[in-house]
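Got the viewer open? Let's take a walk through this one, selection by selection.

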Amino acid sequence: SIKLYDRDLLNDILFRNMIIMTGLMLIFDSMSRFDGEPFAIFSPINQIGNFSIFFSSSIFTSLWLGYVHFQIFEDADRTKKLFVPVAFLNLLNIALLLISQSKGWYYYIDGNNIYHRGPYYLVSFSITLALLIVSSLLTLIYRNEIKQKKYYSLIFFIFPPLISMGLQYFFYGISLI
């Protein structure tokens, strides 16, 4: 990726940022696994990890949406315009996440350093899911505009996250990010 990277191509910028976000999300997810650990040092690590996962999930799927859009239309200006409504969704998610830190809307971590889903957990979940679904719908709608090799990569991308999100939603306490 580094050898082929072109700083001027939106396609490469989005792809590289998705790789970086994937690495960061793996680190954040590891940090959020200190659930229930009694030592004082683990509480802030758990807090930071959970906050960062909620923060970065919609950003990653936004990058994916941009990547799919560019693969279909191959128009950087048109793809950049897409980021205006997507930025609004991310800002909404971030605002609710920040409020959630004191209100427990998305999640809260109790005095025993144990993570609990909040009453508005599904809002964050839905934002991430909606971005994935829009990406897939674009791929399906414009399938004739996409080379077959790219089409299969774009359309099958959604399955691992969807399966993981479903399992994670229905089997509380496991992490498959």
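## Stop one: an exposed loop residue

Select Glu-74 to begin: with a relative accessibility of 56%, this residue counts as exposed. Keep in mind as you go that the model is predicted. Glu-74 sits in the loop between H2 and H3. Check its backbone too: phi is positive, about 50 degrees, although Glu-74 is not a glycine.

Now add Lys-150 to the selection. Lys-150 and Glu-74 form a salt bridge, and their closest N and O atoms are 3.9 Å apart. Lys-150 belongs to helix H5 while Glu-74 is in the loop between H2 and H3, so this pair ties together parts that lie 76 residues apart in sequence. How buried or exposed is Lys-150? Lys-150 is partly exposed, at 31% relative accessible area.

## Stop two: the other salt bridge

The structure holds two salt bridges, so select Asp-29 and Arg-33 next. Here the closest N and O atoms are 3.9 Å apart. Asp-29 counts as buried at 15% relative accessibility, whereas Arg-33 is partly exposed at 42%.

While you're in this part of the sequence, pick Leu-26, found in helix H1. Leu-26 counts as exposed, with 54% relative accessibility. Draw a C-alpha to C-alpha distance from Leu-26 to Ile-53: you should get 9.0 Å, for two residues 27 apart in sequence.

## Stop three: the core and its rings

Time to go inside. The largest nonpolar core has 35 residues, and those with the most contacts inside it are Phe-54, Trp-64, Tyr-106 and Tyr-107. Colour by element and you'll find that H1 (10–31), H2, H3 (76–103), E1, H4 (121–141) and H5 each supply at least two residues of this core. Which element gives the most? That would be H2, with ten residues. As a rule, nonpolar side chains tend to be buried together in soluble globular proteins.

Now show the aromatic side chains. There are 18 aromatic pairs in the structure. Zoom in on Phe-54 and Tyr-107, a stacked pair with 4.8 Å centre to centre and 20 degrees between the planes. Phe-54 is in helix H2 (residues 42–73) and Tyr-107 in strand E1 (residues 107–109), so the pair ties together parts 53 residues apart in sequence. Both ends are out of the solvent by the numbers: Phe-54 counts as buried at 8% relative accessibility, and Tyr-107 counts as buried at 2%.

For another geometry, jump to Tyr-151 and Tyr-152. Their ring centres are 5.6 Å apart and their planes are at 65 degrees, so this pair is edge-to-face. Tyr-151 counts as buried at 14% relative accessibility, but Tyr-152 counts as partly exposed at 40%.

Back to Phe-54, and widen the selection: ring pairs link Phe-54, Tyr-106, Tyr-107, Tyr-115, Tyr-121, Phe-125, Tyr-169 and Phe-170 into a cluster. From that cluster, go to Tyr-121 and bring up Arg-117, which lies over the face of the Tyr-121 ring at 4.5 Å from the ring centre. There's a similar sight at Phe-73, where Arg-78 lies over the ring face, 3.7 Å from the ring centre.

## Stop four: a second positive phi

Select Asn-113, in the loop between E1 and strand E2 (115–117). Asn-113 has a positive phi of about 65 degrees and is not a glycine. Is Asn-113 buried or exposed? Asn-113 is buried, with a relative accessible area of 4%.

## Last stop: a nonpolar patch on the surface

Switch to a surface view and select Tyr-152, Phe-156, Phe-159, Ile-163, Leu-167, Phe-170, Phe-171 and Ile-174. Together they form a nonpolar patch on the surface with about 850 Å² of accessible area. Two of these names have come up already: Tyr-152 was in the edge-to-face pair, and Phe-170 was in the ring cluster.

Where does the patch come from? Helix H5 (148–156) and helix H6 (159–170) each supply at least two of its residues, and the largest share, four residues, comes from H6. Finish on Ile-174, placed in the segment after H6. Ile-174 counts as partly exposed, at 37% relative accessibility.

Key. Residues are numbered from 1 along each chain as its sequence is written. This is a predicted model: local features need pLDDT of at least 70, side-chain atom pairs count only at pLDDT 80 or more; totals for chains, interfaces and linings use all residues. Side-chain values use heavy atoms; hydrogens and water are left out. Rings of Phe, Tyr and Trp (its six-membered ring) pair if their centres lie within 6.5 Å; planes under 30 degrees apart count as stacked, over 60 as edge-to-face and the rest as tilted. Buried means under 20% relative accessible area, exposed over 50%, partly exposed in between (1.4 Å probe, protein chains only). A charge sits over a ring if NZ of Lys or CZ of Arg is within 6 Å of the ring centre and within 35 degrees of the ring normal. Patches are made of residues with over 30% relative accessible area and no salt bridge: like charges are joined within 9 Å, nonpolar side chains (Val, Leu, Ile, Met, Phe, Trp, Tyr) within 5 Å. Accessible areas come from the Shrake-Rupley method with a 1.4 Å probe; for residues, only the protein chains shown count as cover. A salt bridge is a side-chain nitrogen of Lys or Arg within 4 Å of a carboxyl oxygen of Asp or Glu. A nonpolar core is a set of buried Ala, Val, Leu, Ile, Met, Phe, Trp, Tyr and Cys residues joined through side-chain atoms within 4.5 Å.
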